[in-house]
Amino acid sequence: MNTKSKSMFGDDKNPSNIIPRKYTMDSKIKFRCHPGVSCFTACCGNINIILTPFDILRLRKYLNMTADEFLLRFTEPMYIEKTDLPGVKLHLDEKGRCPFVTPDGCTIYPKRPSACRYYPVGMANFHEGGEEGVDSEQFFFVVKEEHCKGHEEDKEWTIREWRADQGVDICDDMNRKWLEIVMRRKSFGFQATMSEEAKKIFFMVSTNLDKFKKFIFESSFLDIYDVNRETLDTIQNDDIALLKFSYKYLASCLFGTQDIPIKDEKIKKRVARMKEEQAGKEANADETYKILKEERDRLMSASKK
Ligand code: SF4
Ligand code: SF4
């Protein structure tokens, strides 16, 4: 069995499992997954299921756990495919099975992760986009793996109907900005280094909104960032608003966007410090020039004697 078949990032899929065709929202597919298929739950093992921040939030609420409890019990750390960004995936049991699978199916089905919902239909602009604000063509592809008998079922629907049935639209909305950040980072390639501090921030914000909230309200965050009272009240009480705010923070922090403005006095201080450093460099250059000139004059007068 392909161990990466449910990954939502696409790049590590075996291309031979992807039907070589572009699908649109109105394209039709024949597929049905239900407890009667001979392969039922076959795809819930030996698999990488990367969790998005929205997946983690939704799951740990469903399971009535704190973010820390959920992360410790059900996940393990990994790097998001072809990036140096640390994230988490579901921790499989000793038999390589998803911790939520039973012979009767998925015990967290209503809140199952995004990757499980998308399968077997992938959205191509998640894989080819990346630049924020740059639209990429949206199309879909279908993964057809030998072990998956759902493709042999008679049920026919459009991609639009399939996605509505799986409840992927909400996942798309909630994951889009985070995936853009991941793809943007991926487009930089490995040669672009990222500080350990930035990686830690990415991990904390992407996996643990409890900690991110503490970071906002109990650190020097609000001394640096200009966040209005209304936004603060909202993110204090609304986890989805906090999640969306976290994406803005990551974009500001990793790519220097102005999604969350830095306070004026902080900018002024930074500009003053840069000017000071520049003035220091200029003074050093003047000093070096003076020394070199004196040395040259000394050598020239010595050669005339
Ligand atoms: S979360 Fe549910 S659907 Fe996804 S792999 Fe686990 S058991 Fe299967
Ligand atoms: S039909 Fe495909 S998606 Fe459904 S259980 Fe079988 S392998 Fe998994």
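**Exercise 1. The surroundings of ligand 2**

Task: list the residues that surround ligand 2 and divide them by character.

Solution. Ligand 2 is surrounded by Cys33, Val37, Cys39, Phe40, Thr41, Ala42, Cys43, Tyr119, His147, Cys148, Lys149 and Gly150. The model is a predicted one. Next, divide the shell by character: eight of its residues are nonpolar, three are polar and one is charged.

**Exercise 2. Two residues linked to that shell**

Task: describe the backbone at Thr41 and the peptide bond between Tyr119 and Pro120.

Solution. Start with the general expectation: most residues other than glycine have a negative phi, and most peptide bonds are trans. Thr41 is not a glycine, yet its phi is positive, near 70 degrees. Thr41 lies in the loop between β1 (28-30) and α1. Around Thr41 there are 17 other C-beta atoms within 10 Å, so Thr41 is partly exposed. Thr41 also belongs to the surroundings of ligand 2.

Turn to Tyr119, another residue around ligand 2. The peptide bond that joins Tyr119 to Pro120 is cis, with omega about 5 degrees. Pro120 sits in the loop between α3 (114-118) and β6 (121-123).

**Exercise 3. The surroundings of ligand 1**

Task: state how the shell around ligand 1 divides into nonpolar, polar and charged residues.

Solution. First collect the residues: Cys44, Ile49, Cys98, Phe100, Val101, Cys106, Ile108, Arg112, Pro113 and Cys116 surround ligand 1. The shell then divides into nine nonpolar residues, no polar ones and one charged. Arginine counts as charged, so the charged residue of this shell is Arg112.

**Exercise 4. Two helix pairs that share α11**

Task: find how helix α11 is oriented against α7 and against α1.

Solution. Begin with α7 (residues 196-207) and α11 (residues 239-255), which pack at about 170 degrees with axes 10 Å apart. An angle over 145 degrees counts as roughly antiparallel, so α7 and α11 are roughly antiparallel. On the α7 side the contact is made by Ala198, Ile201, Phe202 and Val205, and on the α11 side by Ser246, Tyr249, Leu250, Cys253 and Leu254. Eight of these residues are nonpolar, one is polar and none is charged.

Continue with α1 (residues 53-62), which packs against α11 at about 160 degrees, the axes being 11 Å apart. The cut-off of 145 degrees applies again, and α1 is therefore roughly antiparallel to α11. The crossing of α1 and α11 is right-handed. Pro53, Phe54 and Leu57 of α1 meet Asp239, Leu243 and Ser246 of α11. This contact divides into four nonpolar residues, one polar and one charged. Ser246 appears in the contact with α7 and also in the contact with α1.

**Exercise 5. Arg60 and Lys82**

Task: decide for Arg60 and for Lys82 whether the residue is buried, partly exposed or exposed.

Solution. Arg60 is located in helix α1. A residue is buried if 20 or more other C-beta atoms lie within 10 Å; Arg60 has 22 such neighbours inside 10 Å and so counts as buried. Not counting residues up to four places away in sequence, Arg60 touches Met65, Thr66, Ala67 and Phe70. Phe70 is 10 residues from Arg60 along the chain, and their C-alpha atoms are separated by 5.8 Å.

Lys82 lies in the loop between β2 (75-79) and β3 (86-90). With 14 other C-beta atoms within 10 Å, Lys82 is partly exposed. Lys82 has a positive phi, about 55 degrees, although it is not a glycine.

Key: Residues are numbered from 1 along each chain as its sequence is written. Chains are lettered from A and ligands numbered from 1 in the order in which they are written. This is a predicted model: local features need pLDDT of at least 70, side-chain atom pairs count only at pLDDT 80 or more; totals for chains, interfaces and linings use all residues. Axes are lines fitted to C-alpha atoms, for helices over the stretch in contact, and angles run from 0 to 180 degrees between N-to-C directions. Helices (H or I, at least four residues) and strands (E, at least two) are DSSP runs, numbered from the N terminus. Angles under 35 degrees count as roughly parallel, over 145 as roughly antiparallel, 65 to 115 as roughly perpendicular and the rest as oblique. Two residues are in contact if their C-beta atoms, placed from the backbone, lie within 7 Å. A residue is near a molecule or strand if its C-beta atom, placed from the backbone, lies within 6 Å of it. A crossing is left-handed if the near helix is turned anticlockwise from the far one by less than a right angle, and right-handed if clockwise. A residue is buried if 20 or more other C-beta atoms lie within 10 Å of its own, exposed if 12 or fewer, and partly exposed in between; C-beta atoms are placed from the backbone.
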